[in-house]
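Let's take this one label by label and ask what earns each of them. Here is the structure to look at while we talk.

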Amino acid sequence: MSGNPLFSYLTGLTRLIPTLCFKLFTINSQVSSMLLDFQRELPICTFCTDSHGHKHDVPCPMTTGELCAPCTKLKQLEAQIQETKKALDNLLEQHRETRSHSNRAHDPIIHRLPMEIASLIFQFCLPVIPPDGILAIPYREMASPLILGAVCRYWRNVAWATPQLWSVVPISVSRSRRNARVILDLAREWLGRSGRLPLSIGLYADDDLKFCELVNEYSTRWHMLDLHVSLSMFSHFQGSWEKSSPLQSLHLSALYGYYPPDLIPQELVLRGGSPKAIEIEWSRLTSITLTRAIPGDCLDILKLCPQLKHYKIELNEPFAPEDDIVIHNQLEHLELEENCFNFPSQQISYFLTRSSSPPLKQLSIDFVNMDQEAVISLLRTLSSLERLKIQSNKDRAPSPDALLRLLAATSSTDGPPGQDFLPILRYFSYSRPSSYTGFSWSLVTNIFGRLSSLQDPHRRPLEEVNLSFGKDHYEKWEPRSYINQKSLSRFFTLLNHGRKLYF
């Protein structure tokens, strides 16, 4: 490395820059010292300085037409300072250029790829937007475009020229509004690099309309909005509607009151609050998530949204027997979160009662108090399910053995009429935080039916099984102590036939 001319030149520049900086510091010190000496020993022109010796911005008009001695010396020193600064700036620029050449010479990949390929590689650094919204993305992951741009000049040029890196925009302003101006400027630059791509914008702010105005400037490119704003600020979110907004997803946090009617999303996520308090075009919505909701609101959504296909709810209180039964003809995917099952399963059936055209295809339930018989009773009414996900966050959840035995006994669909149980199920997932109450691994292979009939068209088309059990705190859990040799052999046979098993 020491024989490389580029390295030697860069090393020389690096050594010279501190010397110039020291020289500049020395000259500045000399100027200050000499001015103090002149103040003590020479008469100071009152036109040049005030009573404290501070220089005026006006020229020095001496009676002889010449500058006073301090001004003359000061002018000479200032000229030297400018020359030294110019030399330092020139060396710093050479240093930056040489560092770029050095990075290009030592980088085995990025600098040797076409910019389009490097840009594509950078896009893999982008985080995935979680269900909780844009503002739930960790700061370091969200700052990946800035981190990439800080590596070197070439990486910065690639990152700045890749609009995909800037199409997800997180804007978070603390209640104290500290650094609000800096955040606003950064958000403006971030949006300016996004090209013409659809935008996913997350905004956490309190009564600062400048951020609202900035977001509104890009209303024709809204794809997703995740808003944590005050009610007074929320009503200002409406941009130029000469072109229809491409808004697909809207996330709101406990907002009440007026909703801009020109925004018509297809997906709504409401974290707290009542949907009744929001004026919105419900007929277009195809996906809704409600958290901390009440049963009446959940049923009203089904009445208001005839095109609803995906519905996720978390209730704070149980359904009442007198609640209306709502028939919905479009719902395909239903997710019921943990709080939904703090009451008898029969009341859940009131909610699941619906017409059969089209049938419910996906069901995700998070239960607490439901036993296996209640789960089985519930699932018997849903023969149209293709994907089933059951989970519990409680340590001592019931064993899934009863459900697995029923799936094994009904693996073939050519049994007696009326005996079918989930006949078209393709995906099954069951998880809980511990292995308490026991679990039989041999039942897992049995739910696929006889291994010799895996290609039988009359068998249940189950393709993927995902079972997840946590480790109990009081036991040393080892997989080999639960899976016997026979079951292990059957697992390998299933895998060889294209089935997917995850434990």
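Q: Which helix does I121 lie in?
A: I121 sits in helix α3. One thing to keep in mind from the start is that this is a predicted model.

Q: What makes I121 count as buried, exposed or partly exposed?
A: Buried takes under 20% relative accessible area and exposed takes over 50%. I121 has 36%, so the label is partly exposed.

Q: How far apart are the C-alpha atoms of I121 and I110?
A: They are separated by 8.9 Å, and the two residues are 11 apart along the chain.

Q: Why is the contact between R181 and D185 called a salt bridge?
A: The label needs a Lys or Arg side-chain nitrogen within 4 Å of an Asp or Glu carboxyl oxygen. For R181 and D185 the N to O distance is 3.5 Å, so the pair qualifies. In general, side chains of opposite charge can pair when their charged atoms come close.

Q: Where do R181 and D185 lie?
A: Both are in helix α7, which covers residues 180–192. They are four residues apart, about one turn of the helix.

Q: How do you know whether R181 and D185 are exposed or partly exposed?
A: R181 has a relative accessible area of 58%, and the exposed label needs over 50%, so R181 is exposed. D185 comes in at 30%, so that residue is partly exposed.

Q: What makes D185 and R188 a salt bridge?
A: The N to O distance here is 3.6 Å, and the cut-off is within 4 Å, so this pair gets the label. D185 and R188 are three residues apart in helix α7, about one helical turn. R188 has 38% relative accessibility and therefore counts as partly exposed.

Q: How do you know that E332 and K309 form a salt bridge?
A: Their closest N and O atoms are 3.7 Å apart, which falls within 4 Å, so the label holds.

Q: What does the pair of E332 and K309 tie together?
A: E332 is in the loop between β7 (310–315) and β8 (333–336), while K309 is in the loop between α10 (295–304) and β7, so the pair ties together parts that are 23 residues apart in sequence. Both ends are partly exposed: E332 has a relative accessible area of 23%, and K309 has 32%.

Q: Which residues do salt bridges that share partners join into one network?
A: R181, D185 and R188. The structure holds five salt bridges.

Q: How many disulfides does the structure hold?
A: Zero. As for cysteines, C152 has 9% relative accessibility and C298 has 0%; the cut-off for buried is under 20%, so both count as buried.

Q: Why is the pair of F122 and W155 called tilted?
A: The structure holds three aromatic pairs. F122 and W155 form one that has 5.2 Å centre to centre and 50° between the planes. Rings pair if their centres lie within 6.5 Å, and under 30 degrees would be stacked while over 60 would be edge-to-face, so 50° leaves tilted. The pair links distant parts of the chain, with F122 in helix α3 (residues 115–123) and W155 in helix α6 (residues 153–160), 33 residues apart.

Q: What makes F122 and W155 buried?
A: F122 has a relative accessible area of 2% and W155 has 19%; buried means under 20%, so both get the label.

Q: Why is the pair of W160 and W166 edge-to-face?
A: Their ring centres are 5.3 Å apart and their planes are at 80°, which is over 60, so the pair is edge-to-face. W160 is partly exposed at 32%, whereas W166 is buried at 0%. Together with W190, W160 and W166 form one aromatic cluster.

Q: Which residues make the nonpolar surface patch of about 260 Å²?
A: L488, F492 and L495 make it. F492 is found in helix α15, residues 485–496. F492 has a relative accessible area of 49%, and exposed needs over 50%, so the label is partly exposed.

Q: What is the chain like over the "coiled-coil region" that UniProt places at residues 74–101?
A: That feature comes from an unreviewed UniProt entry. Over residues 74–101 the model is 100% helix and 0% strand, with the end C-alpha atoms 40 Å apart.

Definitions and conventions. Residues numbered from 1 in each chain as written. Predicted model: local features only at pLDDT ≥ 70, side-chain atom pairs only at ≥ 80, totals over all residues. Heavy atoms only, no water. Helix = DSSP H or I, 4+ residues; strand = E, 2+ residues; numbered from the N terminus. Buried < 20%, exposed > 50% of the residue type's maximum accessible area, 1.4 Å probe, protein only. UniProt positions renumbered as here; feature names shortened; annotations may be inferred. Disulfide = S-S within 2.5 Å. Patch = residues over 30% accessible without salt bridge, like charges linked within 9 Å, V, L, I, M, F, W, Y side chains within 5 Å. Areas by Shrake-Rupley, 256 points an atom, 1.4 Å probe, with all protein chains shown as cover. Phe/Tyr/Trp six-rings, centres within 6.5 Å; stacked < 30°, edge-to-face > 60°.
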